[in-house]
Amino acid sequence: MKKRALIALCVGLCLILLGSILASVFNGSNGTKVTRITFDAANGKLSGLLYMPKGAGPDDPRPTVVVTHGYLNSAEMQDANAIELSRRGYVVLALDQYDHGHSDLDNAVYEPYEAFGAFLQAWAPFWVNSMHDAVAYMYEQPYVLKDEAGNGIIGVTGHSMGGFSSTMALATDEQEAMATGVRKIYCGLTEGSDFSYTGIFGVDVTVSDALGGGRTMGKVAAQYDEFFFSNPEDPAGTVRHKDYVSTPDGMAFLGQTEPAQANTWYNTADGGRRIIYQPAQTHPWNHFSKNTTAYAVEFYTEAFKDYPVAANSIAPDQQVWQWKEFFECVALVGFVFLIIGIASLLIELPFFNKVKTELKPLPSVTGASSKFGTFALLFGLILIPGVFFAPLMDDGAGSDMVNILMYAGCVFGVAGLLGIVYSLFEKQYRKSLLTGSICVTVAGSLLAIIAHTPMYETGRFWNALGVNSIAYWTIACAAISLLAMSVVYVVSKANKGVTFRDYGVTFSPVKILLSLLIAVITLVAAYGCLFLVDLIFKTDFRIWTFAFKTFDFNIVPTVLRYLPTFLAYYIISTAAITINTNTEKLQGVKGYLLAIALNAGGAFLWLVLQYATLFATGVAAFPGSALSGIVLVAMVPTLSIAAIISRNLYKKTGSIWTPAFLNALLMTFMTIANTMVAFK
């Protein structure tokens, strides 16, 4: 076992080293130097990745682009734009917006927004101020080009909320220029954002046009964007096909009175130029797209045509950012091997091997009826999280579908009480039936309470805004799974001598404490490797919207607030994986595949239904599930990796505690590090 642990550890380290070295090569393509910078800004501390092209500096200042991410993301989400623009000679700052990544908003900035309510108070200040403040910093840098009048040759590009932040920065810059005579922003391209949120703060399409100042401006308006670019005449639900150039706002942005053409330049009355690109893609697809990245290159080549740089000769479709993403994914795979290797090695050490408990494989079911029943049960367990995903994430407690869970919880809670009474008269299996019935009562009651009670209300305690709906879905799924396991135990396992030990559950304080210690040491060692990679290579471990990335330690209190929720889930899910995959016929790859299906199958099937329907018909299966569907994309690899860790480590320990603690710590830190954390 030690040999296997060492092999996993070595494979992990090799993949991490190989992936990180090659990812950094493509990140700094064409001689670009990438550094992480942090600076004091008007409303707090801002951070980002500075891409400095070869030769750029005070003696050769360059046109500059500030690129930034959307809600719940970080600077690394703009890798494609940052790499491709910098390798073409532009200075690029990939910005962490306030309260995201390594940037923090001063707490005093929240106060003026208090009248908007708890959610808007935490949500609005970050994007209203971020791009404007970053441009103010970059304008003062000697490597940023200015014209003879002192105007900055700076472009702004943001995705989603970053697009709103860019729109606000453009409007604010023009207002300030009226007083100072100097414009800091030369041009701007937004991706995945219209005027729906900036309008709350007075910058609608009309105001934006009036404050255009003759600039070159553009928008990427994806045809299947889950949030924006709707026509006012569209039915309810924004997850549907869009044609922004034919909407009133789209035409007004382009200065047209009739439906316009996508991907076409238009001159505006103030002397500016405008364009709207309409790729056939979704909202998060924007920042993982060769087409959209080519649009960004084309846009800035046109916008900065009076300030050419030699590297502009690289064609827009000649891109290398995909290789950076590929090798970061290689490092991500290595990170999973590293985690399993560290934990497995610790388990074998003399002090820690007391966590081990013998866990013999259970006999596989036999007979056609038993096999069909087992298949039906497992398929139901896989489907349930997907069936109740949209109601729990979008509608919450008190909605019709969630009320079904409440009523089911009440029914099973009462059934559990009846089972307790019945067990008192049962002689042969009294203890097993009593234990199972108590579990049914507890699980049913918890489900009823969770389904009835609004939880994780946004505020200074639950201050990771994007995590609150995920936490609610997670704790509800935990209660559902606990109830299902308890009912199955009472109905079919209590009379077969199955005990908690068969679920990998032991209640030895020593084993539990040692398991926790193994999980903490593994987490610290693995994240130590991640921080070292970030320090040396300026890369992390990711694929698209899913990433293990570094964080500032002021998020630790927030992690601790959400940790009990995710710990409850991973304790129960690991027990479910243990009992369902620890059979004689599921000792190999089949067991891992079933474990992944139990954890992530429902989420995956929901996404397939949602987006297959969207692309086939133009309207998603759940047209009101915009942000929740996007969030679920990253949940599939999260839950899949957790399933692999759960199955691997329970097989080595015979217990659920080590994998449950490790998954809870690992995934909570990963989740909070990748989202917005307010009121720090």
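The following exchange goes through selected local and packing features of a predicted model.

Visitor: Which residues touch the most other members of the largest nonpolar core, and which helix gives the largest share of this core?
Guide: The largest nonpolar core holds 112 residues, and those that touch the most other members are F335, W473, Y527, F541, F548, Y562 and L666. Apart from this core lies another one of 59 residues, including L46, L93, Y143 and F228. As for the helix, the largest share of the 112-residue core is 13 residues, and these come from α13 (residues 468-493).

Visitor: What does F541 touch, leaving out residues up to four places away in sequence?
Guide: F541 is one of the residues that touch the most other members of the largest nonpolar core. Beyond four places in sequence, the residues touched by F541 are I16, S20, E328, A331, L332, F335, L530, V533, F546, A547 and F548.

Visitor: How do α13 and α15 cross, and at what angle and axis distance?
Guide: Two packed helices are described by the angle between their axes and by the distance between those axes. Helix α13 passes α15 in a left-handed crossing. The contact involves residues of α13, among them I470, A471, T474 and L482, and residues of α15, among them Y562, F566, Y569 and I572. The axes of α13 and α15 (residues 556-581) cross at roughly 35 degrees and come within 9 Å.

Visitor: How do the residues of the contact of α13 with α15 divide into nonpolar, polar and charged?
Guide: On the α13 side the contact includes A478, S481, M485 and K493, while on the α15 side it includes T565, A568, A575 and I579. Taken by residue class, the contact of α13 with α15 divides into 15 nonpolar, four polar and one charged.

Visitor: Is N27 buried or exposed, and what is the length of the polar contact that joins its side chain to that of Y51?
Guide: N27 lies in helix α1 (residues 2-27), and because its relative accessibility is 2%, under the 20% cut-off, N27 counts as buried. Leaving out residues up to four places away in sequence, N27 touches V34, Y51, I83, K324 and K538. The side chains of N27 and Y51 are joined by a polar contact of 2.8 Å.

Visitor: How far apart in space are the C-alpha atoms of M52 and G436?
Guide: M52 is found in strand β2 (residues 44-52) and is buried, with a relative accessible area of 16%. Its contacts beyond four places in sequence are G31, T32, K33, V91 and Y143. G436 is 384 residues from M52 in sequence, and their C-alpha atoms are separated in space by 63 Å.

Visitor: What separates the C-alpha atoms of V156 and S166?
Guide: V156 has its place in strand β6 (residues 154-159) and counts as buried at 0% relative accessibility. S166 is among the contacts of V156 beyond four places in sequence, which also include V66, M131, L170, I185 and Y300. Although V156 and S166 are ten residues apart along the chain, the separation of their C-alpha atoms is 5.9 Å.

Visitor: What phi values do L72 and F229 have?
Guide: Most residues other than glycine have a negative phi. L72 sits in the loop between β3 (64-68) and α2 (79-86) and counts as buried at 10% relative accessibility, while F229 sits in the loop between β8 (216-220) and α6 (248-254) and counts as buried at 1%. Neither residue is a glycine, yet phi is positive in both, being near 75 degrees for L72 and, for F229, about 75 degrees.

Notes: Residues numbered from 1 in each chain as written. Predicted model: local features only at pLDDT ≥ 70, side-chain atom pairs only at ≥ 80, totals over all residues. Heavy atoms only, no water. Helix = DSSP H or I, 4+ residues; strand = E, 2+ residues; numbered from the N terminus. Buried < 20%, exposed > 50% of the residue type's maximum accessible area, 1.4 Å probe, protein only. Core = buried A, V, L, I, M, F, W, Y, C linked by side-chain atoms within 4.5 Å. Contact = heavy atoms within 4.5 Å. Axes fitted to C-alpha atoms, helices over the stretch in contact; angles between N-to-C directions. Left-handed = near helix turned anticlockwise from the far one by under 90°. Nonpolar A, V, L, I, M, F, W, Y, C, P; charged D, E, K, R; others polar. Polar contact = N/O pair within 3.5 Å; in protein donor to acceptor, adjacent residues only side chain to side chain.
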